[in-house]
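Trainee: I should like to learn how to read burial, overall shape and nonpolar cores from a model. May we take one case together?

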Amino acid sequence: MVDVGDKSITARTATATGRLTTTPEVIALVKADGMPKADVLSTARIAGIMGAKQTSALIPLCHPLPLSSVNVDFAFTADAILITATTKTTGKTGVEMEALTAVAIAGLTLHDMVKAVDPAAVLGEIRLEQKTGGKHGHWTRDGVITAPALRPDTAAVIVASTGGAAGTRDDTTGPLIAGWLREHGFAVDAVTVVADADVAAEVTRVLASRPAVILTTGGTGLSPTDQTPEATLPHLDRQLPGIAEAIRAAGLATTPTAALSRGLAGAADGTVIVNLPGSPGGVRDGLAVLDGVLTHLVAQIAGGGIHD
């Protein structure tokens with residue numbers, strides 16, 4: 001099985017379709033619920049849902065997934081029953097195979113239900129139509145991967161603080177970072193404060209909105225709850241270790257424990273992400289490092305020179 005342990009947890013969906021080609025007589029009987037066996041469409045729908053839930057047992061190397069939704073629907077042409085299945089999960093890998101399996105099992109069940117009247121019925125054209133979620137966004141049947149364009153001169157701030165999210169601790173670092181970004185010409189979408197356990201989902205959510213810059217603060221140490229580097233790493237196309245080391249070095253000048261920071265910096269599909277420490281002093285040290293490079297870095301990633 002492919003190791004997906006380092007992938008981000010995202011909302012994922014997939015839609016697949018198929019076709020059972022049969023006779024107009026069968027179509028009329030199915031519509032009228034007149035087949036010798038039980039309710040054809042309801043039985044096939046249940047079978048498709050059960051098939052989706054058993055995908056990892058049916059297909060070698062598929063990851064078992066906690067499906068949050070499976071929908072199986074039918075439509076008719078003059079000589080065919082069209083099958084559509086949509087599967088959803090929130091996880092580290094996609095649900096394409098679950099949608100395809102739902103269509104296949106629903107189609108085989110339809111075949112079993114109509115074979116007494118039309119043993120020559122043909123199940124085919126099973127194919128993936130679209131999928132969403134994960135690093136590549138939205139894939140459609142025509143092969144296009146659609147994702148919102150990067151929004152120049154925009155930024156977001158994520159504060160990883162379990163106490164701050166619970167309201168038991170005041171956040172002073174988020175406003176400090178937001179003010180610095182505005183002074184440097186960035187429109188700040190928001191400053192969000194989340195518990196350490198929720199930082200991975202928040203990084204994924206904010207990245208999907210495609211800001212030019214995301215600065216995080218907190219969660220970079222060795223506490224059992226510190227997870228910001230782990231939440232950031234799966235998204236990075238290219239790391240910028242020089243920036244991360246410069247931030248640590250700036251902190252070391254006054255704070256020996258700055259060496260313990262595991263903060264990362266890099267680019268994620270055009271968005272610059274930098275993990276800053278959680279203390280106001282550590283944030284100021286980090287911003288001092290970024291003061292000379294961030295605007296140039298953003299312009300460079302965009303394919304230009306010095307950012308005006």
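Mentor: Let us begin with burial. In this predicted model, 42% of the 308 residues are buried, a residue being counted as such under 20% relative accessible area.

Trainee: What does the accessible surface come to, and what share of it belongs to carbon and sulfur atoms?

Mentor: The surface amounts to about 14,800 Å², and carbon and sulfur atoms hold 58% of it.

Trainee: How should the radius of gyration be read against that of a compact globule?

Mentor: One sets the value beside that expected for a globule of equal length. For 308 residues a compact globule would have a radius near 19 Å, whereas the protein has 26 Å. The box filled by the C-alpha atoms, taken along the principal axes, is roughly 85 × 40 × 35 Å.

Trainee: Which residues have the most contacts inside the largest nonpolar core?

Mentor: That core has 27 residues, and those with the most contacts inside it are Val30, Val72, Phe74, Ile81, Ile83, Leu110 and Val114. Two or more residues come from each of β1 (10-21), α1 (24-31), α2 (40-53), β2 (67-76), β3 (80-91) and α4 (96-114). The most, 7 residues, are given by α4.

Trainee: Beyond its neighbours within four places in sequence, what is Leu110 in contact with?

Mentor: Leu110 touches Leu20, Val40, Leu41, Ala44, Phe74, Ile81 and Ile83. Another core, of 25 residues, lies apart from the largest one and includes Val157, Trp180, Leu290 and Leu294.

Trainee: How many helices and strands are there in the protein?

Mentor: The protein has 11 helices and 12 strands. Among contacts with a separation of 6 or more, 74% are between residues 24 or more positions apart.

Methods
Residues are numbered from 1 along each chain as its sequence is written. This is a predicted model: local features need pLDDT of at least 70, side-chain atom pairs count only at pLDDT 80 or more; totals for chains, interfaces and linings use all residues. Side-chain values use heavy atoms; hydrogens and water are left out. Helices (H or I, at least four residues) and strands (E, at least two) are DSSP runs, numbered from the N terminus. The radius of gyration is taken over C-alpha atoms; the globule rule is 2.2 Å times the number of residues to the power 0.38. Buried means under 20% relative accessible area, exposed over 50%, partly exposed in between (1.4 Å probe, protein chains only). Contact means heavy atoms within 4.5 Å. Accessible areas come from the Shrake-Rupley method with a 1.4 Å probe; for residues, only the protein chains shown count as cover. A nonpolar core is a set of buried Ala, Val, Leu, Ile, Met, Phe, Trp, Tyr and Cys residues joined through side-chain atoms within 4.5 Å.
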